[in-house]
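Please look over the chain below with an eye to its backbone. The report that follows deals with unusual peptide bonds and backbone angles.

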Amino acid sequence: IKGEIEQTLGARIFFAVDIQPACLGLYCGKTLLFKNGSTEIYGECGVCPRGQRTNAQKYCQPCTESPELYDWLYLGFMAMLPLVLHWFFIEWYSGKKSSSALFQHITALFECSMAAIITLLVSDPVGVLYIHSCRVLMLSDWYTMLYNPSPDYVTTVHCTHEAVYPLYTIVFIYYAFCLVLMMLLRPLLVKKIACGLGKSDRFKSIYAALYFFPILTVLQAVGGGLLYYAFPYIILVLSLVTLAVYMSASEIENCYDLLVRKKRLIVLFSHWLLHAYGIISISRVDKLEQDLPLLALVPTPALFYLFTAKFTEPSRILSEGANGH
């Protein structure tokens, strides 16, 4: 009789565990409600709190890992975008004879640097210059709103949360600080030093930023996951194209033309840094002894341009274009 009772109780216990509802959805999980020693009590299946994501057992786990090198490179790319755009529009609207461009470049660098530092300080853990993150496993981690399950095809269980915490939202925080610092610092600086420009031209670089910051925000909101996987190739392609355009527009056809002005060297070295950044991002430096020699390819595009410029003659093409031929 005792054996039959134990067998019956065991079957009931197994049945009770077996009929528990499964946690549906790719990103739905059970949140920890109570923990006492080895005893853990979890709630119903649903959305994980901010700073947590589901594990393989469908339990919400805190994001306590450190970002990988590739994650930092992605954040660096997103941080560089407003800075590069600031520099472009400052140079575009300052004019060749304006002495204010250098100070505005420095101010833009200061704004973006301070915004990055403040963003890291206010992120978890607060007050230190590093962050805790969840590992990016697949592209869908960036778009959890597309994977809310509908068990009965009528009711939707909303499990949308930041599975790539904080790589998605930290960019928005950074852009917000960039915008605030720009509005606090740049107008005063431009008003003081931009004497060589007309009143209508002084603030055009600031007006441009008021346009490109919303564009960058929408770009991150919609294409953050795609940018995460594609940014190394975007850096390489854009840096190669902009370097070729700049050298042809400046009518650089030999090394002497390149060395005659310091500004051209600064532009060249800046593009080399971008080349190196893209190469490191693609290789991820998984095997240091194999990946570092790839950095020797950094000067190759500029050298190739200088060696082949005599066959294309950019100055002749530009003069013919100006004459309408």
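What follows describes cis peptide bonds and positive phi values, together with where they lie.

This is a predicted model, in which local features need pLDDT of at least 70 and side-chain atom pairs count only at pLDDT 80 or more, while totals for chains, interfaces and linings use all residues. Residues are numbered from 1 along each chain as its sequence is written, and side-chain values use heavy atoms, with hydrogens and water left out.

Helices (H or I, at least four residues) and strands (E, at least two) are taken as DSSP runs and numbered from the N terminus. The loop between helix H3 (101-122) and helix H4 (169-193) holds Pro-125, and Pro-166 is likewise found in the loop between H3 and H4. Each of these prolines is reached through a cis peptide bond, as the table shows.

| Cis peptide bond | Omega |
|---|---|
| Asp-124 to Pro-125 | near 0° |
| Tyr-165 to Pro-166 | about -5° |

Tyr-153 is also placed in the loop between H3 and H4, and this residue has a positive phi of about 65° although it is not a glycine. With 76% relative accessibility, Tyr-153 counts as exposed, a term that stands for over 50% relative accessible area, whereas buried means under 20% and partly exposed lies in between (1.4 Å probe, protein chains only).

Another positive phi, near 70°, belongs to Lys-58, again a residue other than glycine. Lys-58 sits in the loop between strand S3 (52-54) and strand S4 (60-62), and its relative accessibility of 21% makes it partly exposed.
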